[in-house]
Number of protein chains: 2
Amino acid sequence: MQFSKSTDYALHALIHLAQSERRNNIGIKELCATLGVSESYLSKIMSKLRQDGIVRAVPGVNGGYELARPAGEITFLEVIQVIEGRQQLFECSNLDSQQHRLLAEDRAARQDQDCQGQSECLVKKVMDGAERQLHQYLREYTIQSVLDAASKECNHALNKK
Amino acid sequence: MQFSKSTDYALHALIHLAQSERRNNIGIKELCATLGVSESYLSKIMSKLRQDGIVRAVPGVNGGYELARPAGEITFLEVIQVIEGRQQLFECSNLDSQQHRLLAEDRAARQDQDCQGQSECLVKKVMDGAERQLHQYLREYTIQSVLDAASKECNHALNKK
DNA sequence: ATCATTATGGACCTATGATATCCATTATAA
DNA sequence: TTATAATGGATATCATAGGTCCATAATGAT
Ligand code: SF4
Ligand code: SF4
């Protein structure tokens, strides 16, 4: 249970793009030099980010990438979901087991019409809750958050002198 | 980014053990019949749970498994960590990149003696925060939680009649 | 219009880890 | 002593992550 390296790369690439917003179109060469990743691999990742509308890309001379939206509107959650996919953290794999009938289906049957038919037990509910927690947290941080914190600390350091 | 099936199996097995606490020593045969999983695979998982002191095992006739501790003291987090391992959700993979120097090391250098030398940037901090959130949530639920909720709903259903 | 440049996407490869099985051995209680 | 049940090593299979290469398409500069 770990985030993939691709997610790491994607976040770092976006931060570099955000830091360089003045001059448009950062090429893949500059990106992979900054991140220390191979050009061919990073371009796959950038392509994904483009398909999901997080960056814009323009080919040709002086082409490259730029953020498609303000850095403050690109959340960690979004980036992670683009790269990792959107499967659930926990997926029931025993839906026809005796135990599932015991914990989920019989229970659902007892509850008659109200709250009907979701046929999920507490295990699933707890895990889904964990996922919601995680998502809520990751939605609160954006690419801009990282830049802000960096420059705030910079100012703080300057004020001390 | 998903929990493995093994984690699924482990949780379900522990719930069955907890439900059967009256009679000790549930054999692997009963467990895998209840869960609908192969005997050979589940035994690996049970072995891990034993090595980490979550269940006790006794071989031989009428042997089997039982919880090593009260179900209320076995948290989701613990089970997950035993099966999934304890690596961090996010591990920096570019610690010698130009960008890391920019975001983390230079910053650390600026801060002189106070708050010294951790050399981590905000990305890492956000991700570690996400992990803490997740862990805190998963620590609040135990195997007993699932049983309690199941029986409470059962009583509720009875009272309605 | 041509050209150098840059992103794109398909094909491909390798390494790693999850999932799964089999069996010989060990430990235990009856 | 013996039948039984857990253990751990070896092995197989499969999916995914991680990574490379190249032919093609798109673009701005000339
Ligand atoms: S609903 Fe509950 S019992 Fe059924 S498969 Fe999912 S986790 Fe297991
Ligand atoms: S500390 Fe920050 S910049 Fe450095 S590798 Fe980790 S996430 Fe990237």
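## Exercises on a protein–DNA model

An N or O atom in the side chain of Ser47(B) and a phosphate oxygen of DNA strand D are 2.8 Å apart. That pair is a polar contact, meaning N or O atoms within 3.5 Å; within protein, one must be able to donate a hydrogen and the other to accept it, and residues adjacent in sequence count only if both atoms are side-chain atoms.

This is a predicted model, in which local features need pLDDT of at least 70, side-chain atom pairs count only at pLDDT 80 or more, and totals for chains, interfaces and linings use all residues. Residues are numbered from 1 along each chain as its sequence is written, chains are lettered from A and ligands numbered from 1 in the order in which they are written, and side-chain values use heavy atoms, with hydrogens and water left out.

### Exercise 1: DNA strand D

Work out which residues come closest to DNA strand D, and which helix of chain B gives the most to the surface near this strand.

Step 1. Start with the neighbours: a residue is near a molecule or strand if one of its heavy atoms lies within 4 Å of it. DNA strand D has 26 residues around it, the closest being Ser38(A), Lys44(B), Ser47(B), Arg50(B) and Tyr65(B).

Step 2. Now look at the phosphates. Arg50(B) places a polar side-chain atom 2.4 Å from a phosphate oxygen of DNA strand D. From chain A, a backbone N or O atom of Lys5(A) is 3.3 Å from a phosphate oxygen of this strand.

Step 3. Count by atom type. Sugar or phosphate accounts for 60% of the atoms of DNA strand D within 4 Å of the protein, and bases for the rest.

Step 4. Assign the elements (DSSP runs numbered from the N terminus: helices are H or I with at least four residues, strands E with at least two). Helix 3 of chain B leads with 4 residues on the surface near DNA strand D. The elements that each supply at least two residues there include helix 1 (5-19) of chain A and strand 2 (64-67) of chain B.

### Exercise 2: DNA strand C

Find which residues come nearest to DNA strand C and which atoms of this strand Lys44(A) approaches.

Step 1. DNA strand C has 25 residues around it, and Lys44(A), Ser47(A), Arg50(A), Tyr65(A) and Ser38(B) come nearest.

Step 2. Lys44(A) reaches a base: one of its polar side-chain atoms is 2.3 Å from a base oxygen of DNA strand C.

Step 3. Turn to the backbone of the strand. A polar side-chain atom of Gln51(A) is 3.3 Å from a phosphate oxygen, while a backbone N or O atom of Gly60(A) is 3.1 Å from a sugar or linking oxygen. Sugar or phosphate makes up 62% of the atoms of DNA strand C within 4 Å of the protein.

Step 4. Helix 3 of chain A has the largest share of the surface near DNA strand C, with 4 residues.

### Exercise 3: The site of ligand 2

Explain why the site of ligand 2 is described as shared between chains.

Step 1. List the shell: His12(A), Phe90(B), Cys92(B), Leu95(B), His100(B), Leu103(B), Glu120(B), Cys121(B), Val123(B) and Lys124(B). The site is shared because residues from chains A and B surround ligand 2.

Step 2. Helix 5 (98-110) and helix 6 (122-139) of chain B each provide at least two residues of this shell.

Step 3. Take one shell residue, His100(B), which lies in helix 5 of chain B. His100(B) counts as buried (under 20% relative accessible area with a 1.4 Å probe, protein chains only; over 50% is exposed and partly exposed is in between), because its relative accessibility is 10%.

Step 4. Beyond neighbours within four places in sequence, His100(B) has contacts (heavy atoms within 4.5 Å) with Asn94(B), Leu95(B), Glu105(B) and Ser119(B).

### Exercise 4: A positive phi

Is Asn62(A) buried or exposed, and in which loop is it found?

Step 1. Asn62(A) is in the loop that links strand 1 (55-58) and strand 2 (64-67) of chain A. With 69% relative accessibility, Asn62(A) counts as exposed.

Step 2. The phi of Asn62(A) is near 60°, which is positive although the residue is not glycine. Most residues other than glycine have a negative phi.

Step 3. Check chain B. Asn62(B) also has a phi near 60°, lies in the loop between strand 1 and strand 2 of chain B, and counts as exposed at 68% relative accessibility.
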